[in-house]
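Here are some short exercises to work through at your own pace. Try each task before you read its solution.

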Amino acid sequence: MKSNSLTVALITALSLGSMSSVANACTRVLWQTQDQGTFVARTMDWSESTQPTLVNFPQGSEYSTHLSQLNNVNAKYAVTGITAYGIVMDGINSQGLSGNVLYDAEMDLGKSDPQQKAGAITYLRHLLSQYKDVNELVAAIKDTPPIEELIKGIPVRIALHISVQDPTGDSAIIEWRDGKPQIWHGRQYTVMTNQPGYAQHLANIQRSARGWGEQDAQWSQTNLGTGGNTNPEDRFVHATYFSKHLKQPTSIINGILKLDSTVFRIPHDAPNRPVNGKMAGYATEYTINTHLQSGQTFIRYQWGNIYAQFNYDVKAIQQSQKLIKFNIVNNELAGDITQNIIASSK
């Protein structure tokens with residue numbers, strides 16, 4: 001991708017994000033089941049293709065915790081993930097700890113601490129490389145927010161927040177306000193979208209749910225109480241409502257397809273808001289669905305002239321101990337591509 005295209009896309013999207021009511025990218029839903037394990041699904045919603053690749057970093061890999069401030073460390077755990085513009089946005093480590101980066105216009109990292117060497121953009125890979133479960137991760141980051149970092153050629157900050165989850169169903173939502181991490185830690189925190197802050201999303205659910213009535217009496221005419229369509233607050237309500245109606249899956253595949261159905265996809269060509277007299281839009285580029293116990297992962301990619309659905313085995317990829325960078329924007333990808341991914345490593 002040309003750097004000027006990336007610059008335009010990011011500046012446009014981030015300027016849109018200056019208002020909390022604007023929809024900008026992604027929904028994550030977590031589901032812990034009784035007999036089939038724990039599932040997580042997320043969308044990547046953006047204004048152009050993010051040129052995603054599948055990457056695998058073996059245990060022991062050396063990496064820098066910051067894009068520009070060299071601070072090399074070694075990974076305790078293997079990490080397999082999907083990148084956007086070369087940065088890990090979604091991943092799972094060899095312990096089953098999984099994480100997702102979503103856009104958050106209200107991120108505030110405060111003043112840079114010279115003692116803290118981890119950058120905000122590369123933070124997810126670092127967390128997955130060093131921690132085995134949600135409890136350990138949360139304890140480690142409570143007093144150590146990441147610091148600002150910029151992508152070369154991009155004159156704006158990348159604002160984000162992170163969700164993490166592990167095979168036990170434990171979950172945490174991590175935002176940064178006034179230079180401090182705000183953490184919602186518990187199995188009940190199953191949905192995340194974008195700004196406004198997570199506390200506002202929870203208040204929205206509390207308010208909207210009063211009109212839903214008893215769950216057994218809810219039906220197709222139940223008013224969800226949303227006021228728009230694709231904005232983050234409405235997507236949060238939508239995903240919460242429908243995920244609560246999921247019945248226990250009969251298999252891993254059944255669980256993946258059920259959870260996948262609750263994640264709101266932004267239609268292509270859907271209007272977002274006017275910018276400089278023209279209507280700006282964005283859409284769902286792809287959806288990732290992962291079973292944390294087995295590592296089975298399913299992706300549907302849908303952008304431009306590429307429409308592909310495929311799956312792979314994270315555990316097999318990690319056991320190969322190969323450094324991998326694999327292009328997933330390919331119409332020929334279908335079915336189980338695990339061996340294709342492993343074989344792509346030189």
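**Exercise 1.** Which residues does valine 101 touch, not counting residues up to four places away in sequence?

*Solution.* Keep in mind that this is a predicted model. Start by placing the residue: valine 101 sits in strand β8, which covers residues 98-103. Next, list its contacts: valine 101 touches Arg42, Val88, Met89, Leu124, Leu160, His161 and Ile162.

**Exercise 2.** Decide whether valine 101 is buried or exposed.

*Solution.* First, take the relative accessible area of valine 101, which is 6%. Then compare it with the cut-off: buried means under 20%. Valine 101 therefore counts as buried.

**Exercise 3.** Find how far apart valine 101 and isoleucine 87 are, in sequence and in space.

*Solution.* Along the sequence, 14 residues separate valine 101 from isoleucine 87. In space, go from C-alpha to C-alpha: the distance is 10.0 Å.

**Exercise 4.** Follow the strand pairing from β15 through β16 to β17, and describe each turn.

*Solution.* Begin with β15 (residues 283-291) and β16 (residues 296-303): these strands run antiparallel and are joined by five bridges. One pair to look for is asparagine 289 with its bridge partner in β16, phenylalanine 298. The two strands form a hairpin with four residues between them, and glycine 295 in the turn has a positive phi of about 80°.

Now move on to β17 (residues 306-313), which pairs with β16 in the antiparallel sense over eight bridges. Here phenylalanine 298 stands opposite asparagine 311. This hairpin has two residues between its strands, and glycine 304 takes a positive phi near 60°.

Note on methods
Residues are numbered from 1 along each chain as its sequence is written. This is a predicted model: local features need pLDDT of at least 70, side-chain atom pairs count only at pLDDT 80 or more; totals for chains, interfaces and linings use all residues. Side-chain values use heavy atoms; hydrogens and water are left out. Two strands pair if DSSP finds at least two bridges between them. Buried means under 20% relative accessible area, exposed over 50%, partly exposed in between (1.4 Å probe, protein chains only). Contact means heavy atoms within 4.5 Å.
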